Amino acid sequence: MSDKVRDQYEAYPYPPRDPADEARRLIVGSPSSLLEINHYLFAGRRNFAQPFRALVAGGGTGDATIMLAQQLADAGGAGEVVYLDLSATSRGIAEARAEVRGLTNIRFVSGSLLELEKLGLGSFDYIDCCGVLHHLAEPEAGLAMLTDALAEDGGMGLMVYGSYGRSGVYLLQAVLRALIGERPLAEKVSFTRRLLTNLPPTNLFARNPVLRDHTGSDAELVDLLLHSQDRAYTVEEIAALLRGAGLNLISFIEPLRYEPATYLKDPVLLRQLGGVTPEDRAALAEKLAGNMKTHVFYVSKKPAADTLAWPDGPAAIPCLRVLDGAKLAKAVQRDLVLKGEFDGLPLKFPLPRLASAVLPWIDGRTSLGEIQSALQNLDPRQDWDHFKAQFDQLYQVLGGLNHLLIRYPV
Ligand SMILES: C[S@@+](CC[C@H](N)C(=O)[O-])C[C@H]1O[C@@H](n2cnc3c(N)ncnc32)[C@H](O)[C@@H]1O
């Protein structure tokens, strides 16, 4: 473990968070919401009221820890979250956030994920490791350590930097090293702010519209441009990293981002995609889009066929992760088009005819069978086959955008 990395996160805990904000909002995101964990890693069939052990490796100021612990507490209280980080300052902020929420299902541990075995924390059903592996001298060793701590039927949610979306970052880091050399971090920060206002407009970093994280705070600036150790990954490099660890890629988030047909509309070009493997499709999408500054993905020791939930029958319960079904139905009812944006790239997704009738029923409790019979009561033509064909089209879009997830009764 590098002392420089530890010193950086002691001085600039990341991301910057004020514990008092817990009184007014819960930060939710990907990976690690319980709905996602269930959908991508447990075929939608995990009962979170039963014991469930999660590790947040490199927990930082606590975003994933707090979200997971709150959702597990809401689900019935049997789950435990272990927070692990080598920065005491970050841990203090995460602990204060947990206290504001009154969460008692978190165990805070100080240490390195590279020493997991020695720490004797046991095995985990789920591991979150976001924005950490790419800061290790040997990410492969870190991932191997996490894989050893993962239960055989468990899974992980990971995030690493994306190479093409970070275009300009490593050139600017090199400029900074050459210009300002070694000096205290606080001085480096003010030099960096000077440099940022002096960049020629042709500079690759200045021209990269997706990199704006540094504008918010010094901690974000340090993380982006002054890190003593970071690297980025392409889709192919992620695939190689996972193969080396004996892990299977379950899904990138959002799945449609990693689908070249999201970006190509010309039918002649689209035909060329026939027979291209999912991994190659994802690699192609990354190169086409050019705007993926991070890669978020779920992995498992099991193949995706065993872990990914699918809306394959009337018992499936569709759940909207953050959207409200009734509001969404209203927003799309006129032209049946869902407008979205992937990091500065506006996109339009056509929805099926039945979308605005189905969406208000999606409340995370009502099954597909129940929705279908309610709709058939209003219109006898909505038999299961007709309904399911329409739902599948809706699912292709909303599932592909990671908005619509599936669970089964447990
Ligand atoms: C960029 S922050 C990400 C924090 C958090 N995962 C998130 O996404 O909000 C990286 C965190 O990883 C921690 N870290 C770096 N190397 C580590 C190691 N070997 N073991 C445990 N934590 C580590 C740092 O202290 C820092 O808090």
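## The end of α18

Just past helix α18, Asn 402 adopts a positive phi of about 65°. That makes a handy starting point for a walk through this structure, which is a predicted model. Most residues other than glycine have a negative phi.

The helix that comes before Asn 402 is worth a look too. Helix α18 covers residues 384-400, which is 17 residues, and from its first C-alpha to its last it reaches 23 Å, close to the 24 Å expected at 1.5 Å a residue. Its buried residues are Phe 387, Lys 388, Gln 390, Phe 391, Leu 394, Tyr 395, Val 397, Leu 398, Gly 399 and Gly 400. Lys 388 and Gln 390 are thus listed as buried alongside residues such as Phe 387 and Leu 394.

## Around the ligand

If you are setting up the binding site, here is what surrounds the ligand. The shell holds 18 residues, and the closest are Gly 58, Asp 85, Ser 112, Leu 113 and Cys 130. Sorted by class, the shell has nine nonpolar, seven polar and two charged residues.

Three of the closest residues come with a distance to a ligand atom. Gly 58 places a backbone N or O atom 2.7 Å from a ligand nitrogen, and Cys 130 has a backbone N or O atom 2.9 Å from a nitrogen of the ligand. Asp 85 uses its side chain instead: one of its polar atoms lies 2.6 Å from a ligand oxygen. Taken alone, the ligand exposes 600 Å², and the protein buries 93% of that.

## Helix α13 and its buried face

Helix α13 runs over residues 278-289, and its length can be checked with simple arithmetic. At 1.5 Å a residue, its 12 residues should span 16 Å, and the end C-alpha atoms are indeed 16 Å apart, so the two values agree.

Which residues of α13 are buried? They are Ala 282, Ala 283, Ala 285 and Glu 286. Looking down the axis of α13, these buried residues fall within an arc of 160°, so they line one face of the helix.

## Cis peptide bonds

Most peptide bonds are trans, and two cis bonds can be pointed out here. The bond from Tyr 14 to Pro 15 is cis, with omega near -10°. Pro 15 belongs to the loop between α1 (3-11) and α2 (34-41).

A cis peptide bond also joins Ile 253 and Glu 254, where omega is about -5°. Glu 254 sits in the loop between β6 (248-253) and α12 (267-271). If you plan to prepare a topology from this model, these are the omega values to look up: near -10° at Tyr 14 to Pro 15, and about -5° at Ile 253 to Glu 254.

## Positive phi in two loops

Back to phi angles, now inside loops. Ala 43 has phi near 50°, a positive value in a residue other than glycine, and it is found in the loop between α2 and β1 (52-57). Is Ala 43 buried or exposed? Its relative accessibility is 16%, and the cut-off for buried is under 20%, so Ala 43 counts as buried.

Leu 336 also has phi near 50°, again a positive value in a residue other than glycine. Leu 336 lies in the loop between α15 (325-332) and β9 (337-342). With a relative accessible area of 18%, Leu 336 is buried.

## Buried polar side chains

Two buried residues have polar contacts through their side chains. Ser 32, in the loop between α1 and α2, is buried with a relative accessible area of 0%. The side chain of Ser 32 makes a polar contact of 2.6 Å with the side chain of Asp 128.

Gln 372 lies in helix α17, which spans residues 368-378. At 9% relative accessibility Gln 372 counts as buried, and its side chain reaches the backbone oxygen of Gln 382 at 2.9 Å.

## Two pairs along the chain

Val 160 is found in strand β5, residues 150-161, and is buried with a relative accessible area of 1%. Val 160 and Thr 234 are 74 residues apart along the chain, and their C-alpha atoms are separated by 9.5 Å.

Leu 179 is in helix α7, residues 169-180. Leu 179 counts as exposed, at 57% relative accessibility. Its C-alpha atom is separated by 9.6 Å from that of Leu 195, with the two residues 16 apart along the chain.

Methods
Residues numbered from 1 in each chain as written. Predicted model: local features only at pLDDT ≥ 70, side-chain atom pairs only at ≥ 80, totals over all residues. Heavy atoms only, no water. Near = heavy atom within 4 Å. Polar contact = N/O pair within 3.5 Å; in protein donor to acceptor, adjacent residues only side chain to side chain. Areas by Shrake-Rupley, 256 points an atom, 1.4 Å probe, with all protein chains shown as cover. Nonpolar A, V, L, I, M, F, W, Y, C, P; charged D, E, K, R; others polar. Helix = DSSP H or I, 4+ residues; strand = E, 2+ residues; numbered from the N terminus. Expected span 1.5 Å × (residues − 1). Buried < 20%, exposed > 50% of the residue type's maximum accessible area, 1.4 Å probe, protein only. Arc of directions from axis to C-beta.
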